Amino acid sequence: MTDSAVIVGAGVIGLATAHRLAQDGLAVTVVDAARAGAAGASVHNAGWIVPIMSTPVPAPGMLGKALRWMARRDSPLYVRPSPRPEHVRFMINMLRHCNPEAFAHGVEALTSLNERTLQLFDEYEKDGIRFEHHRTGQLLVFTTRHTMDEYRAATAPMERIGHTAVPLTGDELRDLEPALGKQVLTGLHCPQERHVDPASLVKGLEDRCRELGVRFLHDSPVTGIRTRGRTVTSLLAGGDEVPGDLFVLAAGVHTGPLSRLAGHALPIRPGKGYGFDDTSGAVTLRHSVYLGEAKVAVTPLANRVRFAGTMEFGSADATIDRHRLRGIARSAHTYLPDFPLESRPQGWTGLRPMTPDGLPVIGPLPGKDNVLVASGHSMLGVTLAPVTAEIISAEVVGGRQQADTAHTAHPFAPQRFAAGRGRTAADG
């Protein structure tokens, strides 16, 4: 019988999981290496709830784009040269998934995963979780018809779960958002999508978890995992032993090393993103806006406008490359001409947990009877946090609840990276 759970990671995935397991009646402890309030990529992101954009990062044509962009330090996608074997293996495996079949499989899996996303966020509010939540929809805007057509095709499967993308002309887009410039020729209006202030969501979840009796151990990096056969008995974290009946690895980019410590390495690697907040009031928006060719997310929040973008592989620290920040600012000016071209923003970075196939890792860790994984969500951590917690809860509760989620959860099982499963075997 499972009475207690230890969750490693106090980001949005770990907190969503802690919240759900506490609702299930478990005694929950959350362990995190960072100090309280330092949630990394969980607060340094665009804050989007976007089933319509739930597609794998590895996509047809990605290799060609990466090669064209390699010479540009400010490009939307940059692969930092690195001789480290785990980096090379990861990139090779990711490129193997840049084909139409793998991409279609990923889109279908993510579509099914998103069927209840909006409902679950509504349930958060009903449960008393307080966070800044906007239901104003999203615009995907483009300077070329070709790019719009690519995105329209990729988002089409989401129509079956009620998430539509309506084509608009540049003038129709400017009717909705006058700040958009004349270079915007076409786009998609996605009325069901939402956005949040991610820092408020993290705080709201932690506050509600505390109300439910969840215990938090911050400044407590995991340095050891004690086992008895196939069962983990406790963690060594921050110098203390933390026992439990169940353990959930939800530590974002740190889940890879933790899974190795638990006996089964998972290929979860960092993809570095950049962003900054503008409080000047130069640009006013109602919708969240995706600057298509530049791959930049623009999020209007209560007291600022957030700009986030780029994907950088091969970097695992918080060092800020000013070229990449300036690239985001230049792109912002192209699409939103009122944003000052001379802007020199103070930025931040976030390390997104990436997998070679572009799908999250959710479910039992192979070789262990009481360890579950909830990580690898790429840029979809906010979107997929509540449903990830639902799947983890179903694994714990079992019975009918587990049967109901089995088909949806199957494509995300850690078992797909087990040795002997072909080219996607774990590459550390």
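**Exercise 1. Locate D171 and R174 relative to each other, and state how they interact.**

D171 and R174 are three residues apart in helix α7 (residues 170–176), so about one helical turn separates them. Helices here are DSSP runs of H or I with at least four residues, and strands are runs of E with at least two, numbered from the N terminus. The model is predicted: local features need pLDDT of at least 70, side-chain atom pairs count only at pLDDT 80 or more, and totals for chains, interfaces and linings use all residues. Residues are numbered from 1 along each chain as its sequence is written, and side-chain values use heavy atoms, with hydrogens and water left out.

Next, the contact. D171 and R174 form a salt bridge, their closest N and O atoms lying 3.2 Å apart. The term requires a side-chain nitrogen of Lys or Arg within 4 Å of a carboxyl oxygen of Asp or Glu.

Last, the exposure. D171 is partly exposed because its relative accessibility is 48%; R174, at 15%, is buried. The classes are buried under 20% relative accessible area, exposed over 50%, and partly exposed in between (1.4 Å probe, protein chains only).

**Exercise 2. Describe the salt bridge between E312 and R324 and its surroundings.**

The closest N and O atoms of E312 and R324 are 3.3 Å apart, in a salt bridge. This pair links distant parts of the chain, 12 residues apart: E312 belongs to strand β18 (residues 304–313) and R324 to helix α10 (residues 322–335). E312 counts as buried, with 0% relative accessibility. R324 is buried too, its relative accessible area being 0%.

**Exercise 3. Classify the exposure of D404 and R400, after placing the pair.**

Both residues, D404 and R400, sit in helix α12 (residues 399–409), four residues apart, or about one turn of the helix. Their side chains meet in a salt bridge at 3.0 Å, N to O. D404 has 49% relative accessibility and is therefore partly exposed. R400 reaches 65% and counts as exposed.

**Exercise 4. Give the salt bridge count and the members of one network.**

The count comes to 25 salt bridges. A network of salt bridges links R20, D24, R116, E123 and E390.

**Exercise 5. Characterise strand β19 by burial and pairing.**

Six of the eight residues of β19 (residues 347–354) are buried, so the strand is mostly covered. Strand β15 (residues 269–278) pairs with β19 in the antiparallel sense over eight bridges; pairing requires at least two DSSP bridges between two strands. For G275, the bridge partner in β19 is W348.
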